[in-house]
Amino acid sequence: MSFPAPIAFTRSPRPTLGVEWELALVDKTSRDLANAADELFGLVDARVGDHPAEQGRIHRELLRNTVELVTGICTTVGEAMDDLGSSLEVVRGLCDRIGVDLYGAGTHPFAEWSAQQLSEGHRYAELIERTQWWGRQMLIWGVHVHVGIDDRDKVLPILSSLLKYYPHLLALSASSPMWAGGSTGYASNRAMMFQQLPTAGLPFQFDRWGEFEHFVHDQKTTGIIDHLNEIRWDIRPSPSLGTIEVRVCDGVSNRRELAAIVALTHCLIVDLDRRLTAGEQLPQMAPWLVQENKWRAARYGLDAIVIQDADCAERLVTDDLAELLVRLEPVAASLGCLDELGGVADIIARGASYQRQRAVFAETGDMRTVVDSVVAELS
C-alpha cells in the first residue's frame, strides 16, 4: 500500500489578498469575440522590457479571446484595485491599437464556441483532448480571489464553512444570462457550464489536511490530475501560495463592483479565520444543501431564496446579505475595506450585471448592444 505524499502549505503570516480578473476580447465593430491574444501579447511582451514592474501582471488564458489581469500580493482591497487599475490602463491602450475592447462578464451573449482558437501550450491542448466537447464549450470568464491563511490546519474548516456564503457571492457577481444567441433563464450560466469539467465544481468537504492529501494521492495515482492546479474547484486550497482561492464569481464589468465582491470575500474568510482561532466550531452545511444553494443562485441570482443552515431555514439572499454586511462591518474596518464592502449594497440597489444585461436586451432586442453596455461599464 502506498502512502500519500505530504502537501506542504506555505503559510501566509497575514491575511494577504490577491485577485485574478479574466476579461474577454471583443471586436470593436462586430462585437463578437476576437481571437486577438497573440497580437495583444506581442505588444505586452514588447512593453514589459521597458516596464519590468508589469512582469507577471498580464496573463494568457485557455483561449485566444481572453486576457487575465493578476495582482501582486496585496494587504488591502484598495491596493489590489489600484494594482489591477494600472494593468487595466496598459491593456486597454494596447487593445485600442489592435481594434478590440475588453468585456467583463461571465459569458458572451452570442459568440459561437466553434470559432474560438486555443492558446498554444501543452497544458491547454491536453485539457481539450481529455474534455472534448465540454472543454471546447468553455467560453466563460470569472474572478478568482486569494486570501492568505497562517495555518494549514485552518484551511479546510474555513473552506467548508465558507460554502454557506457561496450563493451570496454568485448572486452578486452573476453576469452570464445569455448563451449562443439566446436567453438561458439563468443568472449565471457560467457556473453551470464550468462544473461540467471533471475536476471542477463544488469542493469535497474534508475535516483534516491528511484527508486532502489522500484525495490528491488518489487523483494522481489514477491519472485524473498530474498537478494540484488541475483541481478546479469553485473554492480550493492553494498550498504553494498559502491561500484559500475563491473561484465562485462570474466575470465582473468594473472595478467598483469588483472591489465590493473582493471585500466581501476577504471579510468572510478573515471572519471565519478569527472565529476558528478563538476556539469556535465553525458551522457547516450538508453537501446536498450547498449544491442546492449553488443551483438556486445560478438560476435566480439576487432573487434566490437560499438555505441558511443545517436546519434548512430559508431566506431571500438579499435580506441575508443586508444582515451580513452589518455583522462584517468591524472586520471590514480592521481590514481597511469598509467603503468597498458598502459597495455590495450598491450592487443590490443598482441591479447585478445579469439584470442590467437583460434590461438592455429587453429594450433593444439586440445582443450587440448588450456587449456595448458591458464594455461601457469598464472602469
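**Exercise 1. Around His 146**

Which residues does His 146 touch, not counting residues up to four places away in sequence? Work this out on the predicted model above, then place the residue and judge its exposure.

*Solution.* Start with the location: His 146 sits in strand β5, which covers residues 142-148. Next, collect the neighbours. Leaving out residues up to four places away in sequence, His 146 touches Thr 16, Leu 17, Gly 18 and Glu 20, and also Ser 238, Leu 241, Thr 243, Ile 244 and Glu 245. Now look for a polar partner: the side chains of His 146 and Thr 243 are joined by a polar contact of 2.8 Å. Finally, check the accessibility. The cut-off for buried is under 20% relative accessible area, and His 146, at 7%, therefore counts as buried.

**Exercise 2. A second histidine**

Find the helix that holds His 168, decide whether the residue is buried or exposed, and name the side chain that it joins through a polar contact.

*Solution.* His 168 belongs to helix α5. Its relative accessible area is 1%, so His 168 is buried. Then turn to the contacts: beyond residues up to four places away in sequence, His 168 touches Val 306, Val 317, Asp 320, Leu 321 and Leu 324. One of these, Asp 320, has a side chain joined to that of His 168 by a polar contact of 2.8 Å. For another, Leu 321, compare sequence and space: His 168 and Leu 321 are 153 residues apart along the chain, while their C-alpha atoms are separated by 7.0 Å.

**Exercise 3. Covering a helix**

Take helix α4 (residues 152-162) and determine how many of its residues are buried, what covers them, and what caps its N-terminal end.

*Solution.* First count: nine of the eleven residues of α4 are buried, and the helix is mostly covered. The buried residues are Lys 154, Val 155, Leu 156, Pro 157, Ile 158, Leu 159, Ser 160, Ser 161 and Leu 162. Next, ask what lies over them: the cover includes helices α5, α7 and α8 together with strands β10 and β11. Last, inspect the N-terminal end, where Asp 151 acts as the cap, with a side-chain oxygen 2.9 Å from the backbone nitrogen of Asp 153.

**Exercise 4. Two more helix residues**

Classify Thr 318 and Ala 359 by their accessibility.

*Solution.* Thr 318 lies in helix α10, residues 317-335. With a relative accessible area of 16%, Thr 318 is buried. Its contacts, not counting residues up to four places away in sequence, are Leu 302 and Ile 348. Ala 359 is in helix α12, residues 353-364. Its relative accessibility is 44%, so Ala 359 counts as partly exposed.

**Exercise 5. A pocket and its lining**

Describe the second largest pocket: its volume, its lining and the element that gives the most to that lining.

*Solution.* The volume of the second largest pocket is about 380 Å³. It is lined by 20 residues, and those closest to its centre are Ala 200, Gly 201, Leu 202, Pro 203 and Phe 204. Two or more lining residues come from each of β8, α7 and α9. Of the elements, α9 gives the most, with five residues. Sorting the lining by type gives 13 nonpolar, six polar and one charged residue.

**Exercise 6. Nonpolar cores**

Identify the largest nonpolar core and another core apart from it.

*Solution.* The largest nonpolar core has 100 residues, and Trp 21, Val 67 and Leu 264 have the most contacts inside it. Helix α8 gives the most to this core, with twelve residues. Apart from it lies another core of 23 residues, including Ala 24, Leu 63, Ile 140 and Leu 197.

Technical notes. Residues numbered from 1 in each chain as written. Predicted model: local features only at pLDDT ≥ 70, side-chain atom pairs only at ≥ 80, totals over all residues. Heavy atoms only, no water. Buried < 20%, exposed > 50% of the residue type's maximum accessible area, 1.4 Å probe, protein only. Helix = DSSP H or I, 4+ residues; strand = E, 2+ residues; numbered from the N terminus. Contact = heavy atoms within 4.5 Å. Polar contact = N/O pair within 3.5 Å; in protein donor to acceptor, adjacent residues only side chain to side chain. 1 Å grid on protein atoms, 1.4 Å probe; cavity = no way out; pocket = protein on both sides within 12 Å on 5 of 7 lines; lining within 4 Å. Points joined across faces, edges and corners; volume = space filled by probe spheres on them. Nonpolar A, V, L, I, M, F, W, Y, C, P; charged D, E, K, R; others polar. Core = buried A, V, L, I, M, F, W, Y, C linked by side-chain atoms within 4.5 Å.
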